[in-house]
Amino acid sequence: MRLLSHTYWRGSWVRFREPMAAVEALARCRLVTVNASDGAQSRGLYWTPRAHPRPRVAVVAAHPRVDFSQHYLFPHLLRAGYACLGANLRSLNNDVSCVHEQLLLDLAAHLRWLQAEQGIERIVWLGNSGGGSLGCFYQQQAAAAPADRLTHTPAGRPVRLGAEDMPAFSAMLVLAAHTGQGAVLMETIDPAVIDEADPLRSDSALDMYDPANGFRPAPQWSRYAPDFVRRYRQAQRERVARLDAIAHAHLARQGEAERMRGGPAFAAQPEAARRAIERQVAFQPVMTVYRTLANLHYTDNSLDPSPRGYGSLLSDRPDLMNLQLMGFGRLQTPDAWLSTWSGLSSRANILLTGPAVRIPCAVVHAGRDLDVFPQTHSQAIFRALGSSDKQFFDFPSRLHYFEPEGDEDEYQGVQDLADALLPWLQARVPA
C-alpha cells in the first residue's frame, strides 16, 4: 500500500522548476563552506547573476532540515539582479539533534560570509515552510541587544548568542510558513496514545480516526463535535507536557551524573560505581514519539475552512500514515525535542518572535496547503509580525510548495508567485 503523497514527495518540490542549463546560463554558482562560532561546519550554494556579478543585495533561504540550495524562487530573483544563497545548516536531512539555538549560529556564519567575503550590504530572508519560524527567531535575536539575547537552550545548555555577530535582515518573505515546528506538532500529535512505550494502546474517546468520534475516510469529510475538538486539543497539550517531562528527566539524570563525576567523592567510589557514572554522563538518549499525523484539520475541512484537499502533506491516508515511521518529530534527542518539536518549550514560534520583527514583511498563503491553514497559521503570523510595513498575499488555488497538481504546468505557480512578490520586494529593497 502506498501511503506517501505522490505530489509532495516526488523528488522534493523545493527545487528549480526550469532546466539546470537555463539556470547556469543565467547565474554563476559556488559552493560555500562556513564554520559557526561553536565549530560546526555547514555548506550552501551561492548564486550570482551573470548580468550583475557583484550584487549588493542577497536573498537567503534556509530550513532546519530541508535542502533549500536550489529554491524554486531563485531564478526569478536572479533575473531581477539579486544574489541568492541557499544556506544549508548542521541538521540538514536529519533533525534528530536539531537545536534551533545552534542553527542561529550557523545562519549567522552564512550571513557574515556574505558581508565579509561578497560585499553584500542588505540581506532579505526567504522563509519558506519551516524557514519562516527559523528566520523570525533569528531576526528576534539579531535585533536584540547582545545582553538581552538568549544564554541557554530550553534544555539548559549554554549558547553564546550574546557574543555572536548577528547581521540582521532588511526584509522578509514569509512563504507558506507555519508558526513553528513545535506549534505544528502540537496540532498533529495523537492524544489518544496512552503509553509512550506501547504506542498502539489508545483511548478510543480521543481517537480522531474512530468513526464513533466523527471520522469518515476520504473522499468524505469528517465532522467533529465542538466538545470533542476541545477535549482533543487539551489532550494534545497534555501529551506534549508529558513528553517534556520525559525529556527533562533524561537531562536531569545526566546532570546528576555530571555533578557526581565532578564532585570530591568521585575518586573514592568503587571502580564499578565510577564506571556507571561515566556511562550515564556519556549516554545520549533518543526519544521516539509515535503517531504524529493526527491533525483534525486533515479530515474535517469545517475547521479553519480552505479549498484544501483531504489529508496531509505527507499522505492522503493520514489515518494509516499516523502509524508509519514517516511523520513530524518522530525521533529526537531530549535537547532537540525541547528546542524544536515541543509546542510548550520551543522558542522558534512566530507567535512569540513575530512582535520583534519590525522590518518589511510579505506573508504568502497557499490556499490549498494541506498543513498550513489560513487562520491557524498565515493570518496568525501576519497579525503577530511587529512590522508596520507588511502585506498579505493569498493564492487560493496553490499547494504548499507551489507545486503543480495533475497535468498542470509545473512552472506556472512559481511564475505567479514571482510576479506578485518581486514588485513588492523591489520597492523596498532594490537589487
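Residues 24 or more positions apart supply 77% of the contacts in the protein chain that have a separation of 6 or more. That is a handy place to begin with this predicted model.

**The chain overall**

The protein chain holds 12 helices and 12 strands. Its radius of gyration is 23 Å, which agrees with the value near 22 Å that a compact globule of 431 residues would have. Along the principal axes, the C-alpha atoms fill a box of roughly 70 × 60 × 40 Å. Of the 431 residues, 56% are buried. The accessible surface comes to about 17,400 Å², and carbon and sulfur atoms account for 52% of that surface. If you care about electrostatics, the chain carries 44 positive and 44 negative charges, and the mean positions of the two sets lie 4 Å apart.

**An enclosed helix**

Helix α9 spans residues 334-341, and eight of its eight residues are buried, so the helix is largely enclosed by the rest of the structure. Among these buried residues are two tryptophans, W337 and W341, along with D335. What do the buried residues of α9 pack against? Their partners are the helices α3 (100-118), α5 (181-188) and α6 (226-262), together with the strands β9 and β10 (331-332).

**A buried serine in a loop**

S312 sits in the loop between β9 (287-288) and α8 (318-321). With a relative accessibility of 0%, S312 falls under the 20% cut-off and therefore counts as buried. The side chain of S312 reaches the backbone nitrogen of L314 at 3.1 Å. Leaving aside residues up to four places away in sequence, S312 touches L293, Y298, L370 and D371.

**Backbone details worth a look**

Most residues other than glycine have a negative phi, and most peptide bonds are trans. Two residues here have a positive phi without being glycine, namely R291 and F402. The table puts them side by side.

| Residue | Phi | Loop | Relative accessible area |
|---|---|---|---|
| R291 | about 55° | between β9 and α8 | 5%, buried |
| F402 | near 55° | between β12 (390-395) and α12 (412-428) | 0%, buried |

R291 lies in the loop between β9 and α8, which is also where S312 is found.

Where does the chain have a cis peptide bond involving P219? The bond in question runs from A218 to P219, with omega near 10°. P219 belongs to the loop between β8 (198-202) and α6, and α6 is one of the helices that the buried residues of α9 pack against.

Key:
Residues numbered from 1 in each chain as written. Predicted model: local features only at pLDDT ≥ 70, side-chain atom pairs only at ≥ 80, totals over all residues. Heavy atoms only, no water. Helix = DSSP H or I, 4+ residues; strand = E, 2+ residues; numbered from the N terminus. Rg over C-alpha atoms; globule rule 2.2 N^0.38 Å. Buried < 20%, exposed > 50% of the residue type's maximum accessible area, 1.4 Å probe, protein only. Contact = heavy atoms within 4.5 Å. Areas by Shrake-Rupley, 256 points an atom, 1.4 Å probe, with all protein chains shown as cover. Lys, Arg positive; Asp, Glu negative; His and termini not counted. Charge placed at Lys NZ, Arg CZ, Asp CG, Glu CD. Polar contact = N/O pair within 3.5 Å; in protein donor to acceptor, adjacent residues only side chain to side chain.
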